[in-house]
Amino acid sequence: MITQPQAMATPTPDPDEERRRIQTARLLAYRDDGPLAHVLSDKLGPGLPPVPSTLVALAAIVGITLAGLLQPGPILLLPVAIMLLLVLPTTPRDHLGRFDWLTPPLLRGTEFFTMIVVGLAADAPKWLLFVLVYVVGYHTYDTVYRTRQSIWPPAWVFYAGLGWELRLLIIGAGAALGVLTPVLAVLTAYLFVLFAVESVTSWVRLDKASAQAGADAEQDLEASPEDAMEQATGEAEKG
């Protein structure tokens, strides 16, 4: 007896697995890791637990700041070295622990604190430090807002934005060499143009796509039954 072939059923994704995948993707996006972190990620083994490591880094940087160790010169690379040694090895983790959702705000707060204390110790203009923190903060807010609507920023933005690790390394090197002010000016201007242009163009493109979809839907609703029937018949004949 000849039987009609049965279509293979499409496997239904596991809801819990899908939730874990999305949670990991969001937290990794919120971390804002750059090219250095991505290059080293596969070479760091299982990695360090992100929340304890970031807390230890923050406590150590606060400690050396309060101890008055941050003076003009190469010592200003110390906070950056602490961040790189303790936080960079957390990159390979899947961030699915109970408290791993704390990693992005802890990491961003530690990045901002390090920028500020190194900048102040190097006598950089306070307004320039404020603008840099604002620009990076805007990028973080834009990333969070987009991903909560399932609109993911392109991967190249995180590479072009240098990531927290390269931003701090550039600032630390500029401070250690005594040229932090021009370094901050160039870095801030670059990040401002990058994040602002990419964000605006992405939202404009999304608005145009949404408007076009709405116009198409409205046109379909306004079509007469005869036009709709004729269109359906034509599509069936083409098929």
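Student: Let's start with the largest pocket: how many nonpolar, polar and charged residues are in its lining?

Tutor: By class, six residues of that lining are nonpolar, three are polar and four are charged. Here Ala, Val, Leu, Ile, Met, Phe, Trp, Tyr, Cys and Pro count as nonpolar, Asp, Glu, Lys and Arg as charged, and the others, Gly among them, as polar. Before we go on, a word on the model: it is predicted, local features need pLDDT of at least 70, side-chain atom pairs count only at pLDDT 80 or more, and totals for chains, interfaces and linings use all residues. Residues are numbered from 1 along each chain as its sequence is written, and side-chain values use heavy atoms, with hydrogens and water left out.

Student: How should I read a pocket, and what volume does the largest pocket have?

Tutor: The general idea is that rolling a probe the size of a water molecule over the atoms shows where empty space is left. The search uses a 1 Å grid over the protein atoms alone: a cavity is a set of points where a 1.4 Å probe fits but cannot get out, while a pocket is an open set with protein on both sides within 12 Å along at least five of seven lines, and lining residues have an atom within 4 Å of a point. Grid points are joined across faces, edges and corners, and a volume is the space filled by probe spheres set on the points. In this structure, the largest pocket has a volume of about 230 Å³.

Student: Which residues lie nearest the centre of the largest pocket, and which helix gives the most to its lining?

Tutor: Of the 13 lining residues, Leu28, Ala29, Asp33, His38 and Thr91 lie nearest the centre. H7 gives the most, with three residues. At least two residues each come from helix H1 (15-31), helix H2 (35-41) and helix H7 (155-160). Helices (H or I, at least four residues) and strands (E, at least two) are DSSP runs, numbered from the N terminus.

Student: How many helices and strands does the chain have?

Tutor: The chain has ten helices and zero strands. Of its 239 residues, 35% are buried; buried means under 20% relative accessible area, exposed over 50%, and partly exposed in between (1.4 Å probe, protein chains only). Contacts (heavy atoms within 4.5 Å) add to the picture: among those with a separation of 6 or more, 84% are between residues 24 or more positions apart.

Student: Now the closed spaces: how many cavities of 30 Å³ or more does the search find?

Tutor: One cavity of 30 Å³ or more turns up in the whole structure. About 40 Å³ of space lies in the largest cavity. Its lining includes Tyr138, His139, Asp142, Phe195 and Ser199, and the residues divide into four nonpolar, three polar and three charged. Helix H6 (126-148) and helix H9 (180-222) each supply at least two of them, with five residues, the largest share, coming from H6.

Student: Asp142 caught my eye. Is Asp142 buried or exposed?

Tutor: Asp142, in helix H6, counts as buried because its relative accessible area is 7%. A polar contact of 3.3 Å joins the side chains of Asp142 and Ser199. Such a contact is a pair of N or O atoms within 3.5 Å; within protein, one must be able to donate a hydrogen and the other to accept it, and residues adjacent in sequence count only if both atoms are side-chain atoms. Not counting residues up to four places away in sequence, Asp142 touches Ser199 and Trp203.

Student: What should I look for in the backbone angles, for instance the phi of Asp123?

Tutor: Most residues other than glycine have a negative phi, and most peptide bonds are trans. Asp123 has a positive phi, near 60°. Its place is the loop between helix H5 (103-121) and H6, and Asp123 is exposed because its relative accessible area is 67%. Leu162 also has a positive phi, of about 75°, although it is not a glycine. Leu162 sits in the loop between H7 and helix H8 (163-176) and is buried, at 16% relative accessibility.

Student: Finally, how can I read a loop residue, and which residues does Gly47 touch?

Tutor: Look at burial and at partners distant in sequence. Gly47, in the loop between H2 and helix H3 (50-66), is buried at 14% relative accessibility. Leaving out residues up to four places away in sequence, Gly47 touches Pro89, Pro92 and Arg93. The C-alpha atoms of Gly47 and Arg93 are separated by 5.8 Å, with their positions 46 residues apart along the chain. Pro46 lies in the loop between H2 and H3 and is exposed, with a relative accessible area of 68%. Beyond its neighbours within four places in sequence, Pro46 is in contact with Pro92 and Arg93.
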